[in-house]
Amino acid sequence: MSLAVKVSLARRDFQLDVACEFPASGVVALFGRSGAGKTTLLRCLAGLERPAPGRVSLNGEVWQDDHNFVPPHRRPLGYVFQEANLFPHLDARGNLEFGLRRVPAAKRRIRFEEVVEFMGLAGLLSHRADQLSGGQRQRIAIARAVLTSPQMLLLDEPLSSLDLESRAEILPYLESLPDRLSIPIIYVSHAISEITRVADHIAIMEAGAVVACGPLQALLTRPELPLAHLDEAGSIFNGVIAQHDVEFHLSYVSVAGARLALSRQSAPVGAQVRVRIDARDVSLALKPPELSSITNVLAGRVIDVTDDRDPAHRLVRVDIGGQQLLARITHRSVAQLGVSAGLAVFAQIKSVALTDRL
Amino acid sequence: MIGSAYSVADLVALWISLKLATVTMVLLLLACTPLAWWLATTRSRVRVIIEAVAALPLVLPPTVVGFYLLLFLGPHGWGGRFAQQLGLQSLSFSFGGLVLGSMLYSLPFVMQPLQNAFQAVGQRTLEAAATLGAPPWDRFFSVALPLARRGFISAAVLAFAHTLGEFGVVLMIGGNIPGRTQTAAIAIFNYAEAMNYGAAQRLSVTLLMGCFVLLVIVYAVNRRLRNAVVIA
């Protein structure tokens with residue numbers, strides 16, 4: 001199960017050169033700053049650009065090679081643009097049915113009513129595009145793509161043109177898509193906070209090339225990659241909801257043999273969750289702290305210490321029962337505590353955020 | 001004077017004008033739609049040349065268009081000889097010649113609204129249709145045409161009205177044959193030259209009111225379609 005891509009595309013001031021094999025399951029994030037070639041690569045996958053030379057295949061089905069080029073309308077994929085791009089001459093229902101009607105009945109794997117229900121569109125069907133909010137338009141654009149029963153879904157920064165409120169409105173729908181559809185999703189974004197909420201894998205793009213590709217959890221903390229040096233750098237831990245504390249409105253998640261407290265969650269005890277810990281919210285101590293307002297403490301061993309963008313800071317990777325924690329602390333603290341590879345430390349975590357996906 | 005009855009010749013001239021405007025409009029819409037679509041979507045460098053040629057009738061004096069058409073359609077021109085080889089009669093001084101001349105002369109009035117309307121549909125909208133499984137012809141008919149409908153209304157009205165008001169080209173290639181190639185616009189010229197102002201007035205008012213009512217209807221329809229008329 002994989003999406004194999006080898007494309008070259010020259011533009012006046014830009015050169016795309018990608019040779020990469022993406023896992024064709026779960027959510028693969030295409031990450032990079034604007035101009036890195038994320039959208040262009042996505043357009044090559046969809047057949048909206050014709051790279052030369054180019055080779056694109058999904059699970060062995062060839063969409064493009066030296067002799068063949070399957071045009072976009074014959075590729076079984078759904079594409080969601082940055083702007084919703086709804087057809088202005090059709091109402092919401094007309095937009096949703098546009099792709100659906102062009103799929104032979106035998107190949108439909110998802111029902112109209114089902115999509116309308118889980119995307120929350122029932123009240124909007126008779127509205128025209130210009131009567132809808134940005135968030136509603138984008139939900140219809142996503143539903144419209146899903147209704148073509150695609151074998152893969154391509155999302156090109158679906159939140160970037162929306163205000164904060166609309167983003168918050170759409171994210172839960174995006175997060176539920178992988179489980180609902182069980183098809184691979186390629187998600188283009190330059191916002192690591194979005195990516196940590198939805199993605200399993202990440203491909204990092206720079207200047208028209210994929211510089212790294214792999215599981216999100218592993219790549220987030222790799223000091224030679226740009227992710228660990230972002231302001232919002234952090235790490236992700238898999239855990240299980242262990243207990244709810246009604247009195248103090250807390251939930252406890254057991255992570256790598258320890259317990260982390262976070263604000264009360266709705267997920268039941270035993271549910272698998274993913275928590276995100278920002279590197280700047282982590283401090284290191286040599287002894288377990290006794291009296292502190294910080295209650296979340298994980299014991300581990302330092303893997304390495306690397307320079308950060310700011311010369312006053314160091315990035316410290318800590319092994320916590322096989323998972324990696326990223327800590328951003330000052331150079332001075334590193335020197336005073338003598339932090340170096342192999343040292344046993346206690347990581348104090350100021351706040352833990354739950355990322356909703358399992 | 002104004003209220004006096006039309007003569008038979010007046011009615012025939014009006015009929016020829018209406019027929020000419022209608023035929024020209026229909027043929028131009030058919031011919032320009034694919035060309036305007038190509039101009040709106042191509043990245044070819046030939047585009048600017050074609051655009052310039054299609055806009056020429058806007059700036060050329062009608063007599064220049066008419067003069068070259070006359071040479072082209074005459075017995076020694078390519079068009080004339082081609083017609084003779086096919087065993088057809090020459091197009092100059094015939095209704096067919098008028099249609100050809102009117103089409104040339106009104107070409108930009110159809111091409112530009114259509115091209116603008118197709119361009120306004122937007123590349124992204126058509127790409128969205130492609131990713132939703134619509135092949136090229138399907139994208140044209142189910143997305144581009146409906147979105148360009150206001151451009152079609154503009155193009156149709158402009159072609160019709162502009163042909164109705166055409167004078168120079170018709171005079172050059174159609175001559176002035178009553179009952180065959182004499183349009184209302186030319187009949188007015190004849191009346192005025194013969195100092196028959198009453199008859200000229202009668203036809204002029206008819207054309208004036210006809211065109212005015214036509215444009216009012218178009219603007220009202222366009223208003224209801226909520227956006228302004230797309231005019232070059």
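**The open sheet of chain A.** Two strands are said to pair if DSSP finds at least two bridges between them, and this legend, like the others, describes a predicted model. In chain A, 5 strands form an open sheet whose order is β15-β19-β16-β17-β18, and the pairing between them is antiparallel. β15 (282-285) and β18 (323-330) of chain A stand at the edges and have a single partner strand each, so one side of each of these strands is left without a neighbour in the sheet. On average, and with direction ignored, neighbouring strands of this sheet are turned by 45° against each other. As background to this view, strands of a sheet pair through backbone hydrogen bonds, which may join them in the parallel or the antiparallel sense.

**The two edges of this sheet, β15(A) with β19(A) and β18(A) with β17(A)**. At one edge, β15(A) pairs with strand β19 (residues 344-349) of chain A in the antiparallel sense over 4 bridges, and Val282(A) can be found opposite Ile349(A) in β19(A). The side chains of β15(A) alternate along the strand, with Val282(A) and Leu284(A) pointing to one face and buried, while Ser283(A) and Ala285(A) point to the other face and are not buried. At the other edge, strand β17 (residues 313-320) of chain A and β18(A) are joined by 8 bridges, again in the antiparallel sense; here Leu315(A) stands opposite Arg328(A) in β18(A).

**Strand β12(A) between its two antiparallel partners, β11(A) and β13(A)**. Strand β11 (residues 234-245) of chain A is antiparallel to β12(A), and 5 bridges join the two; Val240(A), for example, has Ser254(A) of β12(A) as its bridge partner. The two strands form a hairpin with 4 residues between them, and in its turn His249(A) has a positive phi of about 55°. Towards strand β13 (residues 258-263) of chain A, β12(A) makes 6 bridges, also antiparallel, and Leu250(A) stands opposite Ser263(A) in β13(A). β12(A) and β13(A) form a hairpin as well, with 2 residues between them, where Ala256(A) in the turn has a positive phi of about 45°. Within β12 (residues 250-255) itself the side chains alternate, so to read this view one may follow Ser251(A), Val253(A) and Val255(A), which point to one face and are buried, and then Leu250(A), Tyr252(A) and Ser254(A), which point to the other face and are not.

**The contact between domain 1 and domain 2 of chain A**. The domain assignment divides chain A into domain 1 (2-220) and domain 2 (234-355), and the centres of the two, taken over C-alpha atoms, are separated by 34 Å. Where the domains meet, 5 residues of domain 1 are in contact with 5 residues of domain 2. On the domain 1 side, α6 (192-198) and α7 (216-220) of chain A each supply at least two residues, and the largest share, 3 residues, comes from α7(A). By class, this side of domain 1 has 2 nonpolar, 2 polar and 1 charged residues.

**The side of chain B that touches chain A**. Here 13 residues of chain B are in contact with 17 residues of chain A. The elements that give two or more residues to the chain B side are α6 (123-131) and α7 (136-147) of chain B, with the largest share, 6 residues, coming from α6(B). Sorted by class, the residues on this side of chain B are 8 nonpolar, 3 polar and 2 charged.

**The largest nonpolar core, with residues of chain A and chain B**. This core has 153 residues, and those with the most contacts inside it are Ala29(A), Leu30(A), Leu154(A), Ile186(A), Tyr187(A), Ala327(A) and Val110(B). Helix α5 (residues 95-121) of chain B gives the most to the core, with 13 residues, and at least three residues come from each of domain 1 and domain 2 of chain A. Leaving aside neighbours within four places in sequence, Ile186(A) is in contact with several residues, including Val28(A), Leu30(A), Met152(A) and Leu154(A). In soluble globular proteins, nonpolar side chains tend to be buried together.

**Helix α10(B) and the helices around it**. The buried residues of helix α10 (residues 184-193) of chain B are Ala184(B), Ala185(B), Ile186(B), Ala187(B), Ile188(B) and Tyr191(B). What covers these buried residues includes α1 (8-41), α9 (168-174) and α11 (197-224) of chain B. Just after α10(B), Met195(B) takes a positive phi of about 60°.

Note on methods: Residues are numbered from 1 along each chain as its sequence is written. Chains are lettered from A and ligands numbered from 1 in the order in which they are written. This is a predicted model: local features need pLDDT of at least 70, side-chain atom pairs count only at pLDDT 80 or more; totals for chains, interfaces and linings use all residues. A residue is buried if 20 or more other C-beta atoms lie within 10 Å of its own, exposed if 12 or fewer, and partly exposed in between; C-beta atoms are placed from the backbone. Two residues are in contact if their C-beta atoms, placed from the backbone, lie within 7 Å. Ala, Val, Leu, Ile, Met, Phe, Trp, Tyr, Cys and Pro count as nonpolar, Asp, Glu, Lys and Arg as charged, and the others, Gly among them, as polar. A nonpolar core is a set of buried Ala, Val, Leu, Ile, Met, Phe, Trp, Tyr and Cys residues joined through C-beta atoms within 7 Å. Domain bounds come from an automatic or database domain assignment. Axes are lines fitted to C-alpha atoms, for helices over the stretch in contact, and angles run from 0 to 180 degrees between N-to-C directions.
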